[in-house]
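Visitor: Please show me the model. I would like to know how its parts get their labels.

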Amino acid sequence: MLKRQNPGTPERSRDLTADGGALSMSHNDSRSFFNLSQLVLSAGQIKPSPALKHSKITYFEVEIVDVQSKKQICIVDKVPPASTILDVKHKFHKACPQWYPSRVGLQLERNGPFLKDSTSIQSLAVSSIITLYFTDLGQQVGWTTFFLTEYTGPLLIYLLFYIRLSTIYDQVESRKNFRHPVVHLACFCHCLHYIRHLLETLFVHKFSEGHTPLKNMIKGCAFYWGFTSWIAYYINHPRYTPPCSIWPQTSFLCCSCFSGNRTCFPSPTYNPFTWLFLLVSCPNYTYEAGSWISFTVMTQTLPVGIFAFLMVIQMSLWAQKKHKLYLKRFYPEVRRKAAMIPIIF
(Lines give C-alpha, C1' and ligand atoms only; values in the text may rest on other atoms or scores of the structure.)
Protein backbone atom coordinates (compact mmCIF):
# COMPACT_ATOMS: atom_id res chain seq x y z
CA MET A 1 0.00 0.00 0.00
CA LEU A 2 1.56 3.16 -1.14
CA LYS A 3 2.02 6.05 1.27
CA ARG A 4 0.32 9.20 0.26
CA GLN A 5 2.81 12.01 -0.20
CA ASN A 6 2.11 15.46 1.18
CA PRO A 7 1.90 17.66 -1.85
CA GLY A 8 2.72 20.87 0.11
CA THR A 9 6.14 19.78 1.32
CA PRO A 10 8.32 20.67 -1.71
CA GLU A 11 6.45 23.92 -2.31
CA ARG A 12 6.79 24.79 1.33
CA SER A 13 10.54 24.14 1.29
CA ARG A 14 10.87 26.36 -1.74
CA ASP A 15 8.88 29.10 -0.04
CA LEU A 16 11.08 28.87 3.03
CA THR A 17 14.20 29.05 0.88
CA ALA A 18 12.85 32.08 -0.93
CA ASP A 19 11.91 33.76 2.33
CA GLY A 20 15.37 33.03 3.76
CA GLY A 21 17.04 34.55 0.70
CA ALA A 22 14.86 37.60 0.90
CA LEU A 23 15.68 38.01 4.55
CA SER A 24 19.40 37.63 3.82
CA MET A 25 19.25 40.23 1.05
CA SER A 26 17.28 42.59 3.28
CA HIS A 27 19.86 42.16 6.03
CA ASN A 28 22.72 42.87 3.60
CA ASP A 29 20.97 45.97 2.29
CA SER A 30 20.45 47.24 5.81
CA ARG A 31 24.13 46.68 6.62
CA SER A 32 25.20 48.45 3.42
CA PHE A 33 22.92 51.41 4.18
CA PHE A 34 24.27 51.50 7.74
CA ASN A 35 27.86 51.49 6.47
CA LEU A 36 27.07 54.23 3.97
CA SER A 37 25.48 56.33 6.70
CA GLN A 38 28.53 55.91 8.91
CA LEU A 39 30.76 56.96 6.01
CA VAL A 40 28.71 60.07 5.36
CA LEU A 41 28.67 61.03 9.03
CA SER A 42 32.41 60.51 9.39
CA ALA A 43 33.12 62.58 6.27
CA GLY A 44 31.06 65.53 7.53
CA GLN A 45 28.11 67.37 6.12
CA ILE A 46 28.14 67.57 2.39
CA LYS A 47 28.20 71.24 1.37
CA PRO A 48 26.57 72.28 -1.83
CA SER A 49 28.92 73.73 -4.41
CA PRO A 50 28.81 77.53 -4.33
CA ALA A 51 26.96 79.17 -7.13
CA LEU A 52 29.12 81.22 -9.46
CA LYS A 53 28.43 84.92 -9.13
CA HIS A 54 28.67 86.86 -12.30
CA SER A 55 29.58 90.45 -11.30
CA LYS A 56 28.38 93.04 -13.72
CA ILE A 57 30.61 96.14 -13.80
CA THR A 58 29.03 99.38 -14.95
CA TYR A 59 31.32 101.92 -16.56
CA PHE A 60 30.67 105.63 -16.73
CA GLU A 61 31.26 108.11 -19.50
CA VAL A 62 32.57 111.51 -18.44
CA GLU A 63 31.87 114.38 -20.80
CA ILE A 64 34.32 117.27 -20.45
CA VAL A 65 32.77 120.62 -21.45
CA ASP A 66 34.45 124.04 -21.59
CA VAL A 67 33.01 126.24 -18.84
CA GLN A 68 32.99 129.38 -21.02
CA SER A 69 31.90 128.21 -24.47
CA LYS A 70 29.96 125.11 -23.30
CA LYS A 71 31.56 123.18 -26.14
CA GLN A 72 32.51 119.57 -25.68
CA ILE A 73 36.25 119.04 -25.40
CA CYS A 74 36.34 115.25 -25.15
CA ILE A 75 34.63 112.21 -23.67
CA VAL A 76 36.45 110.00 -21.19
CA ASP A 77 34.91 106.55 -21.55
CA LYS A 78 35.14 103.33 -19.56
CA VAL A 79 35.56 105.03 -16.19
CA PRO A 80 35.13 102.48 -13.35
CA PRO A 81 32.85 103.43 -10.44
CA ALA A 82 35.77 103.34 -8.00
CA SER A 83 37.66 106.01 -9.96
CA THR A 84 38.27 109.50 -8.58
CA ILE A 85 38.47 112.94 -10.11
CA LEU A 86 42.25 112.59 -10.18
CA ASP A 87 41.92 109.47 -12.35
CA VAL A 88 39.66 111.39 -14.73
CA LYS A 89 42.24 114.19 -14.90
CA HIS A 90 44.96 111.72 -15.86
CA LYS A 91 42.80 110.23 -18.61
CA PHE A 92 41.88 113.71 -19.77
CA HIS A 93 45.60 114.56 -19.91
CA LYS A 94 46.18 111.56 -22.20
CA ALA A 95 43.46 112.81 -24.54
CA CYS A 96 44.60 116.46 -24.32
CA PRO A 97 48.34 116.54 -23.44
CA GLN A 98 48.48 120.35 -23.26
CA TRP A 99 46.61 120.28 -19.93
CA TYR A 100 48.43 118.37 -17.21
CA PRO A 101 46.39 117.18 -14.18
CA SER A 102 47.36 119.94 -11.73
CA ARG A 103 46.27 122.56 -14.27
CA VAL A 104 42.79 121.07 -14.76
CA GLY A 105 39.86 122.35 -12.71
CA LEU A 106 36.62 120.32 -12.93
CA GLN A 107 33.20 121.46 -11.72
CA LEU A 108 29.89 119.65 -11.52
CA GLU A 109 28.10 122.94 -12.17
CA ARG A 110 29.30 126.01 -14.01
CA ASN A 111 29.25 128.25 -10.96
CA GLY A 112 30.00 125.49 -8.46
CA PRO A 113 33.22 124.81 -6.55
CA PHE A 114 36.07 122.83 -8.01
CA LEU A 115 35.88 119.14 -7.26
CA LYS A 116 38.58 117.67 -5.05
CA ASP A 117 40.91 115.05 -6.50
CA SER A 118 39.71 112.51 -3.93
CA THR A 119 36.03 112.82 -4.92
CA SER A 120 34.58 109.51 -6.15
CA ILE A 121 32.98 109.40 -9.59
CA GLN A 122 30.21 107.16 -8.31
CA SER A 123 29.14 109.80 -5.81
CA LEU A 124 28.58 112.27 -8.66
CA ALA A 125 26.73 109.92 -11.00
CA VAL A 126 23.02 110.32 -11.65
CA SER A 127 23.17 108.31 -14.87
CA SER A 128 25.86 106.53 -16.85
CA ILE A 129 26.94 109.85 -18.44
CA ILE A 130 28.50 112.53 -16.23
CA THR A 131 29.06 116.07 -17.46
CA LEU A 132 31.93 118.04 -15.92
CA TYR A 133 32.92 121.63 -16.69
CA PHE A 134 36.58 122.32 -17.41
CA THR A 135 38.55 125.39 -16.33
CA ASP A 136 42.20 126.03 -17.14
CA LEU A 137 43.84 126.95 -13.83
CA GLY A 138 47.02 128.18 -15.51
CA GLN A 139 50.61 127.40 -14.60
CA GLN A 140 50.85 125.63 -11.24
CA VAL A 141 53.61 125.30 -8.62
CA GLY A 142 53.85 123.09 -5.56
CA TRP A 143 53.16 124.56 -2.13
CA THR A 144 56.62 123.64 -0.91
CA THR A 145 58.20 125.51 -3.81
CA PHE A 146 55.83 128.42 -3.16
CA PHE A 147 56.83 128.91 0.48
CA LEU A 148 60.52 128.18 0.00
CA THR A 149 60.73 130.82 -2.72
CA GLU A 150 58.65 133.30 -0.74
CA TYR A 151 60.74 132.98 2.45
CA THR A 152 64.21 132.54 0.97
CA GLY A 153 64.03 135.92 -0.76
CA PRO A 154 63.62 138.06 2.40
CA LEU A 155 66.39 136.13 4.13
CA LEU A 156 68.95 136.82 1.38
CA ILE A 157 67.77 140.35 0.57
CA TYR A 158 68.10 141.51 4.16
CA LEU A 159 71.63 140.12 4.39
CA LEU A 160 72.62 141.99 1.21
CA PHE A 161 71.56 145.29 2.82
CA TYR A 162 73.14 144.31 6.13
CA ILE A 163 76.63 143.97 4.63
CA ARG A 164 76.15 147.43 3.03
CA LEU A 165 77.06 146.80 -0.57
CA SER A 166 78.79 149.63 -2.38
CA THR A 167 76.06 149.60 -5.00
CA ILE A 168 73.48 150.47 -2.32
CA TYR A 169 75.22 152.74 0.21
CA ASP A 170 78.08 155.19 0.07
CA GLN A 171 81.17 153.39 1.31
CA VAL A 172 82.77 156.47 2.87
CA GLU A 173 79.67 157.16 4.90
CA SER A 174 79.36 153.47 5.82
CA ARG A 175 82.89 153.39 7.28
CA LYS A 176 82.46 156.65 9.14
CA ASN A 177 79.21 155.81 10.94
CA PHE A 178 79.20 153.25 13.71
CA ARG A 179 76.52 150.56 13.68
CA HIS A 180 74.21 150.62 16.64
CA PRO A 181 73.57 147.27 18.42
CA VAL A 182 69.94 147.48 17.32
CA VAL A 183 71.06 147.00 13.71
CA HIS A 184 72.76 143.72 14.55
CA LEU A 185 69.87 142.67 16.76
CA ALA A 186 67.33 143.40 14.04
CA CYS A 187 69.31 141.35 11.51
CA PHE A 188 69.46 138.42 13.92
CA CYS A 189 65.71 138.51 14.65
CA HIS A 190 64.76 138.94 10.99
CA CYS A 191 66.96 136.05 9.81
CA LEU A 192 65.83 133.82 12.68
CA HIS A 193 62.20 134.51 11.79
CA TYR A 194 62.53 133.43 8.16
CA ILE A 195 64.84 130.50 8.92
CA ARG A 196 62.09 129.20 11.22
CA HIS A 197 59.57 129.56 8.38
CA LEU A 198 61.83 127.62 6.02
CA LEU A 199 62.32 124.80 8.51
CA GLU A 200 58.58 124.59 9.16
CA THR A 201 57.93 124.38 5.42
CA LEU A 202 60.35 121.49 5.05
CA PHE A 203 59.63 119.49 8.19
CA VAL A 204 56.35 120.60 9.81
CA HIS A 205 53.70 121.72 7.36
CA LYS A 206 51.42 119.23 5.58
CA PHE A 207 49.60 120.70 2.62
CA SER A 208 46.12 119.43 1.72
CA GLU A 209 46.28 120.50 -1.92
CA GLY A 210 49.37 119.87 -3.98
CA HIS A 211 49.51 122.98 -6.17
CA THR A 212 48.67 126.65 -6.42
CA PRO A 213 48.65 129.05 -9.40
CA LEU A 214 52.00 130.56 -10.35
CA LYS A 215 50.53 134.07 -10.23
CA ASN A 216 49.90 133.65 -6.49
CA MET A 217 53.58 132.94 -5.92
CA ILE A 218 54.55 136.00 -7.97
CA LYS A 219 52.23 138.23 -5.92
CA GLY A 220 53.48 136.75 -2.64
CA CYS A 221 57.13 137.16 -3.60
CA ALA A 222 56.55 140.75 -4.75
CA PHE A 223 54.93 141.58 -1.41
CA TYR A 224 57.54 139.97 0.86
CA TRP A 225 60.60 140.78 -1.22
CA GLY A 226 59.53 144.38 -1.83
CA PHE A 227 58.80 145.15 1.80
CA THR A 228 62.00 143.43 2.93
CA SER A 229 64.04 145.65 0.62
CA TRP A 230 62.32 148.75 1.95
CA ILE A 231 62.70 147.68 5.59
CA ALA A 232 66.32 146.58 5.25
CA TYR A 233 67.31 149.77 3.42
CA TYR A 234 66.18 151.97 6.31
CA ILE A 235 67.45 149.84 9.20
CA ASN A 236 70.90 149.22 7.70
CA HIS A 237 71.38 152.74 6.37
CA PRO A 238 74.52 154.50 7.70
CA ARG A 239 72.36 157.41 8.88
CA TYR A 240 69.88 155.21 10.66
CA THR A 241 68.87 156.78 13.98
CA PRO A 242 68.59 154.14 16.71
CA PRO A 243 65.55 154.10 18.98
CA CYS A 244 65.55 154.69 22.71
CA SER A 245 67.90 152.40 24.59
CA ILE A 246 65.12 150.88 26.69
CA TRP A 247 63.23 149.39 23.74
CA PRO A 248 65.75 147.02 22.14
CA GLN A 249 66.00 144.57 25.02
CA THR A 250 62.27 144.45 25.72
CA SER A 251 61.35 144.13 22.05
CA PHE A 252 63.94 141.47 21.48
CA LEU A 253 62.46 139.35 24.25
CA CYS A 254 59.01 139.74 22.74
CA CYS A 255 60.31 138.92 19.28
CA SER A 256 62.04 135.80 20.56
CA CYS A 257 58.98 134.62 22.45
CA PHE A 258 56.63 135.11 19.56
CA SER A 259 58.88 132.99 17.38
CA GLY A 260 57.87 129.87 19.30
CA ASN A 261 56.96 126.60 17.63
CA ARG A 262 53.48 125.86 16.38
CA THR A 263 51.48 122.79 17.12
CA CYS A 264 48.46 121.25 15.47
CA PHE A 265 45.00 122.33 16.51
CA PRO A 266 43.60 121.87 19.07
CA SER A 267 45.95 120.20 21.56
CA PRO A 268 48.14 122.27 23.92
CA THR A 269 51.25 120.51 25.25
CA TYR A 270 53.77 121.12 28.01
CA ASN A 271 55.30 123.88 25.85
CA PRO A 272 54.08 127.21 27.33
CA PHE A 273 53.79 128.75 23.87
CA THR A 274 51.08 126.22 23.00
CA TRP A 275 48.84 127.21 25.90
CA LEU A 276 47.39 129.97 23.75
CA PHE A 277 45.37 127.21 22.04
CA LEU A 278 43.10 127.35 25.06
CA LEU A 279 42.07 130.92 24.16
CA VAL A 280 42.24 131.23 20.35
CA SER A 281 41.77 128.99 17.34
CA CYS A 282 44.76 130.29 15.35
CA PRO A 283 47.60 131.05 17.79
CA ASN A 284 50.16 130.88 14.99
CA TYR A 285 48.71 134.10 13.56
CA THR A 286 48.72 135.64 17.04
CA TYR A 287 52.42 134.90 17.42
CA GLU A 288 53.17 136.12 13.90
CA ALA A 289 51.38 139.42 14.47
CA GLY A 290 53.07 139.82 17.85
CA SER A 291 56.51 139.27 16.36
CA TRP A 292 56.07 142.01 13.75
CA ILE A 293 54.60 144.43 16.27
CA SER A 294 57.60 143.76 18.52
CA PHE A 295 59.97 144.24 15.58
CA THR A 296 58.27 147.58 14.87
CA VAL A 297 58.77 148.72 18.45
CA MET A 298 62.38 147.60 18.42
CA THR A 299 63.39 149.33 15.18
CA GLN A 300 60.90 152.25 15.26
CA THR A 301 60.83 152.65 11.49
CA LEU A 302 57.89 153.52 9.27
CA PRO A 303 58.34 150.68 6.72
CA VAL A 304 58.22 148.04 9.46
CA GLY A 305 55.10 149.64 10.94
CA ILE A 306 53.30 149.63 7.58
CA PHE A 307 54.31 146.03 6.94
CA ALA A 308 53.15 144.97 10.42
CA PHE A 309 49.81 146.75 9.92
CA LEU A 310 49.16 144.99 6.60
CA MET A 311 50.21 141.62 8.03
CA VAL A 312 47.84 141.98 10.99
CA ILE A 313 44.93 142.76 8.67
CA GLN A 314 45.71 139.84 6.36
CA MET A 315 46.21 137.35 9.19
CA SER A 316 43.00 138.47 10.89
CA LEU A 317 41.10 137.61 7.68
CA TRP A 318 42.81 134.21 7.49
CA ALA A 319 42.12 133.56 11.18
CA GLN A 320 38.44 134.45 10.84
CA LYS A 321 38.06 132.11 7.87
CA LYS A 322 39.76 129.23 9.68
CA HIS A 323 37.78 129.89 12.85
CA LYS A 324 34.50 129.48 10.95
CA LEU A 325 35.79 126.23 9.49
CA TYR A 326 36.80 124.99 12.95
CA LEU A 327 33.36 125.87 14.31
CA LYS A 328 31.78 123.53 11.76
CA ARG A 329 34.17 120.66 12.49
CA PHE A 330 34.98 121.05 16.19
CA TYR A 331 32.11 123.12 17.60
CA PRO A 332 32.30 122.00 21.28
CA GLU A 333 36.05 122.73 21.50
CA VAL A 334 36.05 126.03 19.58
CA ARG A 335 32.80 127.77 20.50
CA ARG A 336 34.32 129.59 23.51
CA LYS A 337 37.54 130.59 21.74
CA ALA A 338 38.38 133.72 19.80
CA ALA A 339 39.82 133.58 16.32
CA MET A 340 43.16 135.37 16.79
CA ILE A 341 43.17 137.82 19.72
CA PRO A 342 41.95 136.41 23.06
CA ILE A 343 38.51 137.69 24.14
CA ILE A 344 38.59 140.50 21.52
CA PHE A 345 38.66 138.84 18.09
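Guide: Start with two helices: α3 passes α5 in a left-handed crossing.

Visitor: Why is the crossing of α3 and α5 called left-handed?

Guide: The near helix is turned anticlockwise from the far one by less than a right angle; clockwise would be right-handed. This is a predicted model, where local features need pLDDT of at least 70, side-chain atom pairs count only at pLDDT 80 or more, and totals for chains, interfaces and linings use all residues. Residues are numbered from 1 along each chain as its sequence is written, and side-chain values use heavy atoms, without hydrogens and water.

Visitor: What makes α3 and α5 roughly antiparallel?

Guide: Helix α3 (residues 143-162) and helix α5 (residues 181-203) pack at about 165 degrees, with axes 9 Å apart. Angles over 145 degrees count as roughly antiparallel (under 35 roughly parallel, 65 to 115 roughly perpendicular, the rest oblique). Therefore α3 and α5 are roughly antiparallel.

Visitor: Which residues of α3 and α5 meet?

Guide: Among them are F147, L148 and Y151 in α3, and H190, Y194 and L198 in α5. Contact means heavy atoms within 4.5 Å.

Visitor: Now the sheet. Why do β2 and β3 count as edges?

Guide: The open sheet has four strands in the order β2-β1-β4-β3, with mixed pairing. β2 (72-79) and β3 (104-107) each have a single partner strand, so one side of each lacks a neighbour in the sheet.

Visitor: How do you know that β3 pairs with β4?

Guide: Pairing needs at least two DSSP bridges between strands. Four bridges join β3 to β4 (residues 129-136), and these strands run antiparallel. L106 has F134 in β4 as its bridge partner.

Note on methods:
Axes fitted to C-alpha atoms, helices over the stretch in contact; angles between N-to-C directions.
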